[in-house]
Amino acid sequence: MKQNSVSGTRPLVYLGIAALMLGIGYRWVRSTHSSPTAPAPSLPSPAKQAAAHEDAEPREVPLSQFISDSQPPAAIPSIGRTVSSVQSAVPRVEPSPYTRQLVSSLTNLDFSHGPITRERAQQWKEGLQTLTQQGVTALPAIREFLEQNQDLNFAAVSGGGLLGQSSVRAALIDALQQIGGPEATALMLQTLQTTALPSEIALLARNLEQQAPGQYRQETLNAVTEVLAMAEKGQLAGWDVGALFQVLQNHGDATTAEALAQLQSKWNYYATMALAGLPGGEGVPSLIRQAQDATAGAGSKGALAFQMLAQMATEYPDAGAALIEQARRNQIPEGAWRKIATGLAGDQYQIGMPPELSPLSSTLPGLKTYHIESGNQNFYSLPLNSNLSSDQISQRLALIDQLLAAASSPAAVEALKNARALLGKRSP
């Protein structure tokens, strides 16, 4: 029986190798158009600094590139975290031949006959439903595959979007969520404690929170911290870890705010946006400190902190008050005023995939997608909600007027007046 299990994984491995080679070829073609053909060790220091600055700043990219940069490799290598104390949490039971075959039919996708068709996708979905209907008896077979730490990213294969899942492992984790109960929850917790896949940690965190609100918060934060440490050491080179910052944003507190501030040196935009999104405004004090720091205020870190404070100013009064105080002291850099105006009335930055957006959907009105080479940061912006109530618009207009009264520089006045005009168009 073990022989069947091992041989059953071979098509996935072969497909993974082919898809990985295609991905490597794609990245090589991109790199040959964006990088010199030979190293330039004698590059002058100012040029090096300019290149580093460019890598650390966002540039708007097409939606297709945004999706590509956000995706993991087609074939996920066997990589995970070893936590020996977890293994006894889920009793080990030998899978039945039937459930093992069901899992094998889901994981061994043959693309030698072309892309996934609607008919094949429907058959695959029915197989997943059949596995889920087995209930707890399916758990040993699911566990057996998840412990291999292998995966196939469906977004990287032709027709994969028709399967309705992002990857093989995501489909099996979804089955665990539907099966429910203490055994399935324990297996999801074990997977959370051993996986190194950022998107999978986010998925498991959401599922566990639904199963037992608040119970696994610390285990979730531990998983995020450990995988980010791996990424900092270069063990996830080229991977997008934005999903981990979303988890911190959704489950964080004041302690998390301190950790996010330390992560800004490598993932400035991700960490700063996560600070702005912490529940209850827990990130506001950290953003205020960054805005008040003259050194940070002169660079992109401080400018982004000003923008995030403006973006959240009407929801958290302390953020707006800090902006007014800095304006009165004339301590807002000239270049930060445009970002403040954007936060008050323009495009709003967010981490992750835009809502109601998939590779098969159309573009949302006003959507902009961005990429930063440093840390492979990918995020989007949408215009300030046009459905703002009259009270919400009035609050923003009042804040702009207070800033206009406090500011004196031409750059500040111009940016704030433009923001006021933009909000005025949305006034009922």
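**A buried threonine, a small sheet and one cavity**

T256 is buried in this predicted model, with a relative accessible area of 7%. That value puts T256 on the buried side because the cut-off for the label is under 20% relative accessible area. As for where T256 sits, its place is in helix 13, which spans residues 254–263. Leaving aside residues up to four places away in sequence, T256 touches R217, L221, L248 and L278.

A second buried residue is A327, which comes in at 5% relative accessibility. Here too the label follows from the cut-off, so a value under 20% counts as buried. A327 belongs to helix 18, made up of residues 317–328. With residues up to four places away in sequence set aside, its contacts are I332, W337, L403 and A406. A327 also pairs up in space with a residue far along the chain: L404 is 77 residues away in sequence, yet the two C-alpha atoms are 8.8 Å apart.

A327 leads on to the cavity. The structure holds 1 cavity of 30 Å³ or more, and the space inside the largest cavity comes to about 40 Å³. Spaces like this turn up when a probe the size of a water molecule is rolled over the atoms, which shows where empty space is left. The residues lining the largest cavity are A327, N330, I332, W337, A407, S408 and S409. Sorted by class, that lining has 4 nonpolar and 3 polar residues, with no charged ones. Two of the lining residues, I332 and W337, have already come up as contacts of A327.

Turning to the strands, 4 of them make up an open sheet in the order 1-5-6-4, and the pairing is antiparallel. Strand 1 (59–61) and strand 4 (347–351) stand at the edges with a single partner strand each, so one side of each is left without a neighbour in the sheet. Going from one strand to the next, the twist averages 40 degrees.

Within this sheet, strand 5 (residues 368–372) and strand 6 (residues 377–383) run antiparallel and are joined by 5 bridges. One pairing can be picked out by residue: Y370 has F379, in strand 6, as its bridge partner.

Definitions and conventions:
Residues are numbered from 1 along each chain as its sequence is written. This is a predicted model: local features need pLDDT of at least 70, side-chain atom pairs count only at pLDDT 80 or more; totals for chains, interfaces and linings use all residues. Side-chain values use heavy atoms; hydrogens and water are left out. Two strands pair if DSSP finds at least two bridges between them. Helices (H or I, at least four residues) and strands (E, at least two) are DSSP runs, numbered from the N terminus. Axes are lines fitted to C-alpha atoms, for helices over the stretch in contact, and angles run from 0 to 180 degrees between N-to-C directions. On a 1 Å grid over the protein atoms alone, a cavity is a set of points where a 1.4 Å probe fits but cannot get out, and a pocket is an open set with protein on both sides within 12 Å along at least five of seven lines; lining residues have an atom within 4 Å of a point. Grid points are joined across faces, edges and corners, and a volume is the space filled by probe spheres set on the points. Ala, Val, Leu, Ile, Met, Phe, Trp, Tyr, Cys and Pro count as nonpolar, Asp, Glu, Lys and Arg as charged, and the others, Gly among them, as polar. Buried means under 20% relative accessible area, exposed over 50%, partly exposed in between (1.4 Å probe, protein chains only). Contact means heavy atoms within 4.5 Å.
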